[in-house]
Structure formats: structure tokens, C-alpha cells
Amino acid sequence: MRANTYAIPIRTTMLGLLGVALIALGGMGAGAILERDPLLTQVGLSWLRYGHGHDLASMVLYLGLGLVIWAWVRLGRLVRWGEIGDFAVLVAVTVWTLPLLFAPPLFSKDIYSYLAQGQLALTGYDPYEVGPAVLQSTLSENVSWVWQHTPAPYGPLFILVAKAIVWATNASVILGVVAMRFALAGGLVLLCWALPGLSRHLGGKSAIALWLVAANPLLLIHLVGGAHNDLLMIGLMAAGVLLVLDRRHIVGFVLLALAFSVKATAVVIVPFLVWIWAARLDGDKRTQFRKALVPGLVAFLGTFAACTLVAGVTLGWIPALRSSSMIINWLSIPSAVGDFVRMVVNWFVYVDGGIFIGVARALGSAVLIWIAYTQWWAARDGDVRDSIRRGTLTMLAVALLSPATLPWYFSWPLALAAGFAWSTGALVTVTVASVFLLLVTYPNGDTALYSWGYLFFALLVSALAARSLVKPDPFGLSTRYE
């Protein structure tokens, strides 16, 4: 069936809008709220933070999550059936994003760290040397205790953005949160621009790609609502990859350097793009590689150096990347293996668990290096689809084998993979994973990964969402599906 180019599923779009509105409303009491919220106090809603008020806010928020998931699945069915195209998905993304831009922080307190790091830079501290605790400010008091003394692990461009936002908002927490969200939403705009082009090169359908990533509740709730700088990184990365595939190599590598200057993960795809560029040049393999590598390095390193100089910072953020190892959860395969071995051993004799975690992570890093090298070398023919596929697998391996893994990290490979042709089974798998990863964090930012009863419920919801993608009435209760 040929999609109506400008058809918009009004009911589905409005269902999602109602969902995000309820999430924003419930987030006022159940989200990652301020330690002292003057706005809630002034409007007489501070009761939402405590007792029955907090319970009510949580119920409203989870009702909103259910509606958003339902709307996303309905939208996916319409896309799969060919009844709607890119325009309808872009309208839905826009409508569903707007309330989240003004919502309290959701499912994470990281945005408070971002703002505090910007304030550190603005007041003359080196954010790569000290943590937010030295500020003793309104911004720093809202940073999670885990990161109070931790240097920033983010690149110079992001520090520059955070610094500018703190300056422009006069260190206001509430205005800073909104301004940061708008800045990061630029990544969503770039992503929506890049995905149709990536689909053209990789053989997929643009509407599917947009639905799979840009409209995905995992991305919207965690990256927009949670305000993670991963959104800006993947937007710049996707745009840079598209420009390289479009033979605008230098500009593409500049954008990839900007993505790296936000968050280091973006560098993973760069070596694979060198092969693609090299395959388009004259000469033998070695000559081709050199002709692509030299200008690529100049564009990449030159852009990164410029960001570093303008931001007025050092390279201290690179060793600070190790700070993420403080996070231990079973989404990281090495951490999960190490923690499991520790548990089994401690049934018989007590041994410091750090030993098992450290060994497992070292082995995980070795496996990751091996995967990255073998995938990169296998892509040396420079075939576009094969190179991007192998780069995507490497990005997925980074998410799974890093010392620490958080649910939204899986948006990294998904942003690259969305442009490929997807089978029904693959779409079902991604739907299960997306909904489950969305739900494994509590609205206040605490992890739910060890609440086994809750996780079982989350898995049931995820399975129901995936079944509904291919079977409009999974329980056989109605003959009318949309």
C-alpha cells in the first residue's frame, strides 16, 4: 500500500501528546526534582513531592508512559502497513517532544551535573579536575551524591554549551534545565534530517527509521525528558555519517569531530568511514587509505582542537571517562559476570567483590578491542552497507562491553542501524528492548535493575507492546483496531 504523503493519524498523535503531558505533569512530583523547588512552592504544589501526593504523581506519570508506548506502537503499525509516511512520524515526534522540553528532569539527575559543570567552567574552575561539590551553589546541591566529586567526562564542545547556558540563565536551575533541553534538541533535529538520507544509502525505509529512533519512547523520554547529551552526540554523528556517504567527506568528518567533542563514543564509527572514503579514491589499497586518512585526520583533529581552544579547557576529560566505572549494573556484560561470580563465591567464602568486577571488566575491554579491530579490518573493502553495519555492531559492543552501561546507551547503535531494511522479527525485538530499557529506571533516576518483581512486570509490558506491533488486537477483544 502506498502511503498518503501528508496523512496524519490524529488519534494516535493526540494519544501520545496526552501521554507526554501526563508524564510532564506527574514528573513535577515523581521526577528527578530539585532538592528545593521554589516554583512548586509558589504555586502550592509542593505536596506532590511527599506521601500520597508523590504516589498520585507517580500514578499519573506511569499512566502517561503507558499511553506513549501505546501511541508509539500504533504509529509503528501504520508505518509498517504503509498508511503513513515520513511527514506523519515527524509531526508525531514534534508534538510529543514539545511538552518534554518544559517538564521537570525525568528518569535522571544528569542535567544538574551538566549545569554544575558549566558553572565550574564559568567561575574559573577546571571541570576536568574538580567536581561540582566545590561550588556549594544551588546548581551543585542538586547533583547526585555519586557525581559530587567527579570531574566531567564530556568533551570541550559540551562544556562550552553548558557554560554558555549557565551564563545566559544567570545560573538559574529551572531556566537552565529548559535551555539545556532546547540545546540538546538540536541533536533530535539533526537526527530527523539524517535518517531519511541514511535509509537511502542503507536500503531501508525512511518512515521506519524515523519511527524506530526519533519517535521511540526510549529516546524521547530518556534523551529529551532526561536531557542526556547523548542526544546531541547521536544527532551530530548521524548527520556526519550521512555527509560522508553523500561524498561530502570533509564536512562529515568535521561534524563527527563535533560529536566526539560532546561525547567520546562518536569516535567509534570514524575508522569505518575512512574505508568508505578510501574506496572512492584512485590507487592501490595503501594509497587509497593514506589519501583518505590524512585529510580525515586533519579535519577531525583540527575541529576538535578548535573546540578545545575555544572552550579554554584541557584534555583532562579523557582520563575522566574512567569515572563511569563507579556504576555497576547487569546491563554491562562484564559487570554482570563479575558481580555474578562474586555472589557465587561469597556463598562459600567472603572475597572482596571489586576483584571479580575488575577482572571481568579487563576481559570485557580485551574482547571489545578484538571485536572493534576485526570488524574494522573486515570492512576494508569500503562497501557502504557492510562498513556501516560493522560500525554499528562495534557501537553495540561498546554499549554492552563497557564497564558501565545505562539504558539510553543503546540509542547509539540504533541511530546508525535504523537506516537498514528491518524484518518484522527484528522490529519486534527492538520494540521489546526499547520498552524494557525505558522502564528499568525509576522516574527519580534510581535504577530498577535489581527490583525483580518490577522487572517482570516491565518485561510483560514490553512483550505486550511488541505483540501489539504485529497483532493490533493481541487479546482478541475487538474487531476495530485503529
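Is Asp 284 buried, partly exposed or exposed? Asp 284 is partly exposed, because its relative accessible area is 48%. On this scale buried means under 20% relative accessible area, exposed means over 50%, and partly exposed is what lies in between (1.4 Å probe, protein chains only). Asp 284 sits in the loop between α12 (270–278) and α13 (285–311). Take Val 60 as a partner for comparison: Asp 284 and Val 60 are 224 residues apart in sequence and 63 Å apart in space, C-alpha to C-alpha.

A word on what you are looking at. This is a predicted model, in which local features need pLDDT of at least 70 and side-chain atom pairs count only at pLDDT 80 or more, while totals for chains, interfaces and linings use all residues. Residues are numbered from 1 along each chain as its sequence is written, and side-chain values use heavy atoms, with hydrogens and water left out.

**The whole chain**

The chain has 20 helices and zero strands. Both kinds of element are DSSP runs numbered from the N terminus: helices are H or I with at least four residues, strands are E with at least two. Along its principal axes, the C-alpha trace spans about 70 × 60 × 60 Å. The radius of gyration is 22 Å, which agrees with the value near 23 Å that a compact globule of 482 residues would have. That radius is taken over C-alpha atoms, and the globule rule is 2.2 Å times the number of residues to the power 0.38.

How much of the chain is buried? Of its 482 residues, 56% count as buried. Now for contacts, meaning heavy atoms within 4.5 Å. Among those between residues at least 6 apart in sequence, 74% join residues at least 24 apart. On the outside, the chain exposes about 20400 Å², and carbon and sulfur atoms supply 68% of that. Accessible areas come from the Shrake-Rupley method with a 1.4 Å probe, and for residues only the protein chains shown count as cover.

**A nonpolar patch**

Part of the surface is a nonpolar patch made of Ile 333, Val 337, Phe 340, Val 341, Met 343, Trp 347, Phe 348 and Val 349, with about 820 Å² of accessible area together. Patches are built from residues with over 30% relative accessible area and no salt bridge; like charges are joined within 9 Å, and nonpolar side chains (Val, Leu, Ile, Met, Phe, Trp, Tyr) within 5 Å. One member, Met 343, belongs to helix α15 (residues 333–345). Met 343 is partly exposed, at 33% relative accessible area.

**Charged pairs**

Side chains of opposite charge can pair when their charged atoms come close. Here a salt bridge is a side-chain nitrogen of Lys or Arg within 4 Å of a carboxyl oxygen of Asp or Glu. The count by this rule is six salt bridges, including these:

| Pair | Closest N to O distance |
|---|---|
| Asp 230 and Lys 263 | 2.9 Å |
| Asp 381 and Lys 285 | 3.5 Å |
| Arg 390 and Asp 386 | 3.1 Å |

Asp 230 and Lys 263 meet in a salt bridge. Asp 230 lies in helix α10 and Lys 263 in the loop between α11 and α12, so the pair ties together parts that are 33 residues apart in sequence. Both Asp 230 and Lys 263 are buried.

Asp 381 forms a salt bridge with Lys 285. Asp 381 is in the loop between α16 (353–378) and α17 (384–401) and Lys 285 in helix α13, so this pair ties together parts 96 residues apart in sequence. Asp 381 counts as exposed, at 55% relative accessibility, and Lys 285 is partly exposed, at 45%.

Arg 390 and Asp 386 are four residues apart in helix α17, so about one helical turn separates them. Both are buried. Asp 386, Arg 389 and Arg 390 are linked in a network of salt bridges.

**Two loop residues and two cysteines**

Most residues other than glycine have a negative phi. Ala 171, however, has a positive phi near 60°. Ala 171 lies in the loop between α6 (156–168) and α7 (173–202). Arg 247 has a positive phi too, of about 70°, and is found in the loop between α10 (230–245) and α11 (249–260). Ala 171 counts as partly exposed, at 26% relative accessibility, whereas Arg 247 counts as exposed, at 55%.

How many disulfides does a search of the whole structure find? Zero, with a disulfide taken as a pair of cysteine sulfur atoms within 2.5 Å. Cys 192 counts as buried at 14% relative accessibility, and Cys 307 counts as buried at 9%.
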